[in-house]
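Me: Please take a close look at one part of this structure, the cysteines and their bonding. Set the other local features beside that part afterwards.

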Amino acid sequence: MSSLETEVVAGGAAIANEHKNTAAAGGHLAPPNQSGIPTVEQPYDEKYNEKSNEKGVIDPEGHYIQDVDVEGTFPTEEEMATLPRTSESVNWYIFLIVLVEFAERFAFYGITGVFANEIQNPLPDGSTAGNLVDNENQSPGALDMGQQASTGLTNFFQFWCYVTPIIGGIIADTKLGRFKTIAVFSGIYLIGLIILTCTSIPQSLSGGSNSAFGGMIVSMIVIGFGTGGIKSNISVYLGEQIKTDTMYVRTNPKSGKKEIVDPNITVQRLFSWFYFTINVGSLAALATTTSERKVGFWLAYALPTIVFCLIPILLVFMYSRLTHYPPRGSVLIESYKVCKAAWSNWRWNWNAAKPDMYESKHGQKPSWDGAFVDEVQRGMRASLIFAFFPLYWICYNNNYNNLISMAGSLRSDGTPNDLIQNVDPIFLIAAIPILDLVVYPGLRKMGIPFRPIARITCGFFTASLAMVYCAVLQHFIYSKLSPCGDQATTCDQPGDINLWIVAPAYALIALSECFASITGLEYAFTKAPTSMRGLIMAIFLLQTAFGNAINLALLPVTEDPHLVWLYTGIAITAFIAGIVFYFTFRKWDETEEQDNAIGHGGRMQKEDTRKE
């Protein structure tokens with residue numbers, strides 16, 4: 001057996017008891033299925049449950065603990081190398097959380113899908129609601145502020161939506177808990193949607209762009225604040241419903257063969273399908289872009305508002321059916337103290353923050369345990385990985401502005417130009433099941449671990465390829481297709497090719513999300529200290545805001561005739577970032593399972609599981 005398995009098997013429950021006093025004093029002895037004690041709230045097999053008195057023991061607080069000496073617990077080294085791995089079965093009530101995310105994403109993507117046209121274009125001929133009346137070759141619009149203003153405001157909105165999760169994450173971790181935070185911020189979100197809908201009625205749009213513009217800015221701020229409390233907590237809330245946090249061996253009731261239930265695969269699968277739901281919700285743009293074109297912006301915003309109203313109903317129904325963990329209170333202060341103790345002489349020395357060394361140096365025993373120090377270290381390491389993501393998001397952010405404008409410069413043949421963005425979620429909806437059910441299991445069977453660092457690197461390269469495609473296409477639009485040459489975006493006559501030529505760029509970006517974005521969500525959840533998951537998730541989401549800030553800095557070149565160089569520069573940046581990222585962090589894939597074991601299996605410390 002490996003050192004990790006030997007330590008867990010020999011002393012999992014003992015270490016938990018040893019650390020119980022110090023961990024509980026600091027608020028770090030997590031609830032039953034987070035505590036690191038290898039527990040299963042309800043064994044997946046009813047027959048196994050009937051024999052639970054023989055197969056395991058009950059700790060003093062009444063939690064079921066798997067017996068480390070019998071089948072159904074930790075895998076041996078040979079089993080780790082030979083047995084297939086699978087995810088645990090999950091309670092169907094978990095999917096209520098997914099439905100909440102669906103409704104929120106339906107609202108978010110429904111409104112952002114039409115922002116670009118409303119801001120950039122004037123009211124079409126004969127229209128008071130922004131819809132098309134006489135000329136089908138026009139684009140819907142209202143405010144007539146141009147492409148730069150459209151790109152700037154949509155990037156501001158995206159930026160704001162990914163800054164506010166820091167607030168939501170801190171509130172959930174320290175004050176309200178996940179469920180209450182999601183509920184409160186959902187109410188704020190709904191107020192913003194109502195404001196947006198009211199300011200897009202014909203009387204507002206035709207009464208002067210200043211009033212309509214002011215209403216849009218207010219709604220953007222309110223909605224962005226509301227989404228922050230949801231985004232930083234909804235995926236963490238989903239992950240916290242997983243029953244076990246350690247590997248164990250079970251006999252599959254259907255095949256009769258042994259298999260390893262791997263919580264890492266459970267997390268990967270849950271977050272893949274969570275992202276699947278996000279993109280099903282994002283298909284709202286199909287309805288809203290058609291609504292803006294046929295009826296007007298008021299209907300395009302009213303539909304997401306109506307769907308969002310499902311969230312309060314879902315929250316009430318699921319409250320008593322899911323697991324809730326209380327906030328940890330002072331965890332941020334203690335994390336700061338840990339970092340302060342570990343930082344000296346411009347370098348990190350995490351052992352200095354461990355209880356024994358801290359007590360010998362400062363003369364008092366800290367309120368945290370050694371495992372918490374390792375969890376904080378792991379969270380800090382994850383933040384280094386997140387630091388590369390802004391260079392990925394500058395590729396992705398073109399979905400909502402520049403690529404829509406590119407499509408608008410081409411022949412529509414009756415297709416709304418902003419409908420093209422739906423290629424991204426449609427491709428994702430097709431790709432995620434293929435990767436989750438075919439590609440990833442196939443690689444595992446062949447003994448090829450496709451671990452997080454490798455997946456994120458593939459995401460960077462695929463996003464770079466998407467930008468290469470955009471640069472080449474934009475070059476041909478300027479030189480061959482547009483009658484206005486390098487002023488194609490503002491040309492009255494569209495380029496002589498159908499706008500669906502832009503679709504491959506969206507498909508490549510979607511594929512990159514499967515590798516980079518989904519894996520980033522997994523990493524933020526698995527590497528965060530249990531009591532700081534909301535904050536660490538928010539830090540990951542904050543990288544999107546930094547990406548939007550970079551896009552805002554690029555505004556001077558987000559117009560004709562500079563677009564070829566814009567896409568080329570972004571493509572080169574993402575490609576180089578992918579190379580640097582891989583060679584900086586590739587060794588972390590080798591210790592992935594050991595890193596994820598920190599704080600689990602009895603609050604194990606790093607020195608108990610692996611070498612420095």
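Reply: What follows deals with the cysteines, then with a small set of strands and a surface patch.

The model is a predicted one. It contains one disulfide. The two partners are Cys 484 and Cys 491, whose sulfur atoms lie 2.0 Å apart. That separation falls within the 2.5 Å allowed for a disulfide, so the pair counts as one. In general, such a link is a covalent bond between the sulfur atoms of two cysteines. The torsion about the S-S bond is 55 degrees, and the link of Cys 484 and Cys 491 is right-handed.

The two ends of this link fall into separate classes of exposure. Cys 484 has a relative accessibility of 35% and is therefore partly exposed. Cys 491 has a relative accessible area of 16%, so Cys 491 is buried. The cut-off that matters here is 20%, because a residue is buried under that value and partly exposed from there up to 50%.

Cys 395, by contrast, takes part in no disulfide. For Cys 395 the nearest cysteine sulfur belongs to Cys 470, at 9.2 Å. Cys 395 is buried because its relative accessibility is 0%. Cys 514 is also buried, since its relative accessible area is 3%.

Next, the strands. Three strands make an open sheet in the order S3-S5-S4, and the pairing is mixed. Strand S3 (85–86) and strand S4 (248–251) are the edge strands, each pairing on one side only. In general, strands of a sheet pair through backbone hydrogen bonds, either parallel or antiparallel. Between S3 and strand S5 (residues 258–261) the sense is parallel, with two bridges. Two bridges are enough for the strands to count as paired, because the requirement is at least two. Within this pairing, Arg 85 stands opposite Ile 260 in S5.

Last, the surface. A nonpolar patch of about 720 Å² is formed by Phe 461, Ile 572, Phe 575, Ile 576, Ile 579, Val 580, Tyr 582 and Phe 583. Helix H26 (residues 563–585) supplies the largest share of this patch, with seven residues. Ile 572 is located in helix H26. With a relative accessibility of 48%, Ile 572 is classed as partly exposed. Residues of a patch need over 30% relative accessible area, so Ile 572 satisfies that condition at 48%.

Definitions and conventions: Residues are numbered from 1 along each chain as its sequence is written. This is a predicted model: local features need pLDDT of at least 70, side-chain atom pairs count only at pLDDT 80 or more; totals for chains, interfaces and linings use all residues. Side-chain values use heavy atoms; hydrogens and water are left out. Patches are made of residues with over 30% relative accessible area and no salt bridge: like charges are joined within 9 Å, nonpolar side chains (Val, Leu, Ile, Met, Phe, Trp, Tyr) within 5 Å. Accessible areas come from the Shrake-Rupley method with a 1.4 Å probe; for residues, only the protein chains shown count as cover. A salt bridge is a side-chain nitrogen of Lys or Arg within 4 Å of a carboxyl oxygen of Asp or Glu. Helices (H or I, at least four residues) and strands (E, at least two) are DSSP runs, numbered from the N terminus. Buried means under 20% relative accessible area, exposed over 50%, partly exposed in between (1.4 Å probe, protein chains only).
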